[in-house]
Amino acid sequence: MPSATDGEIDLDYERDDRPPWPKSLLLGLQHVAVMIVPATAVAFIVADATGIGAADTAYLVQMVLLFSGLATIVQAYALGPVGSRLPIVMGTSFTFVGAATTIGAEFGLAAVFGAILVTGFWVEGLVGWQFKRIKPYFPPLVTGLVVVIIGLYLIPVGMDYAAGGVGAADYGSMTNLGLAALVLGIAVLLNMFTSGVMRLLSVLVGIVVGYAVAVALGVVDFSAIGQASWVAIPRPGAFGFEFEPIAIVTFAFLFLVSAMETVGDMSGITAAEGRTPSHEEFRGGLLTDGLLSSIGSVFAAFPVTSFSQNVGIVNFTGVMSRHVVGVGGVILAVLGFSPKVGAVVTTIPQPVFGGAVLLMVGMVAASGARLIFLHTDLDRRNMVIMAVSLGLGLGVATRPEALQGLPAAAETFFGEPVILTALSALVLNTFVPGEQSPLFDSAPDETPAESIGLVSKDD
């Protein structure tokens, strides 16, 4: 086992290591188990908001699984410049849920998929292709704050799942909280007090035990399995395409957010090795996000992006092997061709999943904090940037109604915690002189005001 040096964590398997096939299969399944419920939940939420039927809903779920798997495989192994060769699990992010439901309800799903088709590659793909030019604007301070806010603002989502799901009649019941606590407790105990396979599979074991208990309690709904078909083939243009300007502008902004999330998640992954991603890794990862999202929209898949929960798994288990993640991608793609098999996995009750999510998002926030502490001096300048960025991001996350006086477009834009945190950190880090500023530098003993000549050291 490698020792922890220069900020690294103990890794049982490093990026290019290949665990034995039985272990790789179980570790890959663990990644799938953690992300499949939130990824497919996006399809269910949008389907419910747009009023489509059960068959179309099942097809949306199928495409989410298929293109999540394909994008994960590309990230792990790369196709030319596309792909980071990092253990990044891809899936449909909740970042796009609000826009997809609003636009889908008003203009139809054709407008949603038309906007994704246009903006996926041309916004996030272009950011990836030219990332070398903009990389100086995303130092560890900025990307670390993005990772932290991703973890922190997802904690309420994890709590909602643990309590049974928003709107559930038994929300907060002892049964739901008990199942979530069981999963969380088993995962932590196995990770902290065991070694070998049991520690590496701690999250999966927690989910399996929680699921078994849920079945015994009679709270698992198996009806979706009987309704799903065994095999379904992707259909190009299943919902058609329309190109509404407001939809295109909205998704363009959200793909910028997705790019920031991916940069943060990639930084969280490589923080396990005590480093930040290389230019080629950043470029390949962002190109995968944009290109696979546009291609997926042709078949009615929602945008794919890096999944923060799985960044937490890498840091929690110490398994950084991209080949394990590649196995997970293959599993997802197979599930995408077989709605029947996918339906079995989606019967996991929300409280069972919530216990794992709480653990994972907490680890995401912790990995972002480590990224900042390893590569950033916590002087007054950087502490102020952290305070403003996290304060504003958590502020809109916990009190979104505070922005209700803004125009609708501005409320949507600034109501995104990741956008507000990232923009605050980006603007302040760029224009306040300091070591990580791409425009202004300052000597170690200079204040920002002294470095740009506003005051002299003798004042």
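Helices are DSSP runs of H or I of at least four residues, numbered from the N terminus. With that convention, select helix H2, residues 54–77, and within it Thr72. The model on display is a predicted one.

**Thr72.** This residue of H2 is buried, its relative accessible area being 0%. Display its surroundings next: beyond residues up to four places away in sequence, Thr72 touches Ile88, Val89 and Met90, together with Val325, Gly329 and Leu332.

**Confidence.** Colour the protein chain by pLDDT. The average is 84, and 92% of the residues score at least 70. Then select residues 1–5, over which pLDDT stays under 50. The model has 10 contacts for this segment beyond four places in sequence. Where pLDDT is low, the predicted coordinates should not be read in detail.

**The nonpolar cores.** Select Leu60, Ile207, Phe251 and Phe302, the residues with the most contacts inside the largest nonpolar core, which has 108 residues. Centre the view on Phe251. Leaving aside neighbours within four places in sequence, its contacts include Phe96, Ala99, Ala100, Ile103, Val112 and Pro303. A second core, separate from this one, has five residues, among them Leu27, Leu201, Val319 and Val324.

**Aromatic pairs.** Seven aromatic pairs are found in a search of the whole structure. Show Tyr161 and Phe353: their ring centres are 5.1 Å apart and their planes stand at 90 degrees, so the pair is edge-to-face, the cut-off being over 60 degrees. Tyr161 belongs to helix H6 (residues 140–163) and Phe353 to helix H16 (residues 350–375), so the pair ties together parts that are 192 residues apart in sequence. Both Tyr161 and Phe353 are buried. Return to Phe251 and add Phe96 and Phe255; ring pairs link these three residues into a cluster.

**Charges over rings.** Select Trp129 and Arg283. The charged end of Arg283 sits over the Trp129 ring, 5.7 Å from its centre. Move on to Trp230, where Lys340 lies over the face, at 5.3 Å from the ring centre.

**Helix H9.** Finally, select residues 202–217. At 1.5 Å a residue, the 16 residues of H9 should span 22 Å, and the end C-alpha atoms are 23 Å apart, which agrees. Which residues of H9 are buried? They are Ser202, Val203, Leu204, Gly206, Ile207, Gly210 and Ala214. Ile207 was met above among the residues with the most contacts inside the largest nonpolar core. The tour ends at Gly218, just after H9, which takes a positive phi of about 80 degrees.

Terms used. Residues numbered from 1 in each chain as written. Predicted model: local features only at pLDDT ≥ 70, side-chain atom pairs only at ≥ 80, totals over all residues. Heavy atoms only, no water. Phe/Tyr/Trp six-rings, centres within 6.5 Å; stacked < 30°, edge-to-face > 60°. Helix = DSSP H or I, 4+ residues; strand = E, 2+ residues; numbered from the N terminus. Buried < 20%, exposed > 50% of the residue type's maximum accessible area, 1.4 Å probe, protein only. Lys NZ or Arg CZ within 6 Å of the ring centre and 35° of its normal. pLDDT = per-residue confidence, 0-100. Contact = heavy atoms within 4.5 Å. Core = buried A, V, L, I, M, F, W, Y, C linked by side-chain atoms within 4.5 Å. Expected span 1.5 Å × (residues − 1).
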